[in-house]
Amino acid sequence: MMTMKGRTVSAALASKKKGEQSNRISPELPTFDTMSILSGSHPEPVAPSGPANLAAPLPRPLDPYRWRPEFPILQRKLDNGKPLVYLDNAASTQHPQRVIDAMSDCYQRYYANVHRGSHTLSGESTLALESARETCARFIGAASTHEVIFAAGTTAAINTVARAWGDWRITANDTILLTIAEHHANIVPWQQLAQRTGCKLEFLPIDDAGEIADDVVEEHLRRTRPKLMALTAVSNVLGTEYPVERWTRLAHQAGATVLIDAAQAAPHQPLDVKAWDADFVVFSGHKLCGPTGIGILYGKRELLEEMPPFLGGGAMIRTVTTEGFTTSELPTKFEAGTPPIVEAIGLAEAMRFVDDVGLDAIHRHEQQLAAAALRGLTPIEGLKIFGPPADRRGGIVSFVVEGGHTLDLAHWLDRRGIAIRDGHHCAMPLHQRLGVSGSCRASFYLYNTLDEVEALCAAVAEFHQRFIAKSRKRNPPSV
Ligand code: PLP
């Protein structure tokens, strides 16, 4: 149940009205006037203060066994009695009980539509939604809640930028610079924009380790003079962590606007949008212990204020007549229709949870798991692992077994309770560059253990021994 240090949201609302100081950690209260929220107008909020993290990172290494009991699904045994080994976190992470409780508390006690209602429940829901926005702003280090737009996810956020900023700014003479390691969500919206405008797309190539040298970036920026550089912070296949802060500086020097796809970064490492200085940063809630149907579109305020809105409808307008409309202020200018209220409440609780665990500790833990996976998988004959060494990647390890199909291996692992992903992971151009049609991907999060990594490596080795090595012995390749 959603409480604020033991208080309900209603009590929090009541005390806020009496001018009580807000609590910073458990569901926070907006620092702007409650009545203006209830009336639907957004006055200037107080800029969230402090660093990107909500609390200092834990000084000691992360102990996954400390956090696993908080995730009900991790206690589950599969139908064949095997315990679940969940290694599909790059696709979606699991939920701690407190996120489920926060959402169910809203549904059970104070759910109503937001911003325009003059009744108690609408006021409480509005307050919780705007408190969630403050939590999100603090989590990413945004200067203001005006810069935090609730979108349906990374894909929706990138499409919003492609439509709102792209249709406004891009012409047939312009170039958009991407990397070949992008998820389709950061390729197709730009291809659609190219279809609409005639602009050109260029792709930064990766080297054989899945990395891109600074001079390659500089050369592309110099030669193509892009209007936009849109790139992923962490590859969802290779796990490569790209130096987005440095490349954003280079892109800005070349006159480009910068969008960072942080879908595989925001859940796994501290994120400070002020330090990155990118113009847009996007990510999804469901990869961060939060619900589906919500993500964040961060944009620099001046840019968002100038940009025309994309979706039209309720909430994003100030006035409507039969002749036309005027737009509302940020952030609702980009939030047409009913926002994802309960999802925002869940996402804020997920951010508080992840922050309690400590993002620095999560990052270190995942790098250790990835290093263990590389150590365990590398000796397996015929296994090809993609991506850089462990110290330059997050907790993602993709591989193929020569002579084996990725789907067969995924099924083999599933029968042992091990959930990984196989296929192209929505990165077909990248797989083409790697010379394979798909791969198997193990991806780790804060609750994964070294024992689980060992189980993965042992099961892959057994698959190779049973199906590849034995059949090679029976049918040796002809010389
Ligand atoms: N970008 C990256 C790097 C991703 O890994 C993903 C999802 O896997 C996406 C974008 C798309 O995210 P969503 O499906 O939540 O919109």
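In which hand of crossing, left-handed or right-handed, does α8 pass α9? In this predicted model, α8 passes α9 in a right-handed crossing. The contact between them is made by residues from both helices, and on the side of α8 these are Asp214, Val217, Glu218 and Leu221, while α9 contributes Arg246, Trp247, Leu250 and Ala251. Sorted by class, the residues of this contact comprise five nonpolar and three charged ones, with no polar residue among them.

The arrangement of the pair can be described further by the angle at which helix α8 (residues 214–224) and helix α9 (residues 244–253) pack, which is about 25 degrees, and by the separation of their axes, which is 10 Å. Because angles under 35 degrees count as roughly parallel, α8 and α9 are roughly parallel to each other.

A ligand is also present, and 14 residues surround it, the closest being Gly153, Thr155, Asn236, Ala263 and Ser284. The table sets the classes of residue in the two groups side by side.

| Group | Nonpolar | Polar | Charged |
|---|---|---|---|
| Contact of α8 with α9 | five residues | no residues | three residues |
| Shell around the ligand | four residues | nine residues | one residue |

A further residue to look at is Gly293, which is found in the loop between β9 (280–284) and β10 (295–299). Gly293 counts as partly exposed because it has 19 C-beta neighbours inside 10 Å, whereas a buried residue would need 20 or more. Leaving aside residues up to four places away in sequence, Gly293 touches Ala152, Pro340 and Glu343. Gly293 and Phe150 are 143 residues apart in sequence, and their C-alpha atoms are 9.7 Å apart in space.

Definitions and conventions. Residues are numbered from 1 along each chain as its sequence is written. This is a predicted model: local features need pLDDT of at least 70, side-chain atom pairs count only at pLDDT 80 or more; totals for chains, interfaces and linings use all residues. Axes are lines fitted to C-alpha atoms, for helices over the stretch in contact, and angles run from 0 to 180 degrees between N-to-C directions. Helices (H or I, at least four residues) and strands (E, at least two) are DSSP runs, numbered from the N terminus. Angles under 35 degrees count as roughly parallel, over 145 as roughly antiparallel, 65 to 115 as roughly perpendicular and the rest as oblique. A crossing is left-handed if the near helix is turned anticlockwise from the far one by less than a right angle, and right-handed if clockwise. Two residues are in contact if their C-beta atoms, placed from the backbone, lie within 7 Å. Ala, Val, Leu, Ile, Met, Phe, Trp, Tyr, Cys and Pro count as nonpolar, Asp, Glu, Lys and Arg as charged, and the others, Gly among them, as polar. A residue is near a molecule or strand if its C-beta atom, placed from the backbone, lies within 6 Å of it. A residue is buried if 20 or more other C-beta atoms lie within 10 Å of its own, exposed if 12 or fewer, and partly exposed in between; C-beta atoms are placed from the backbone.
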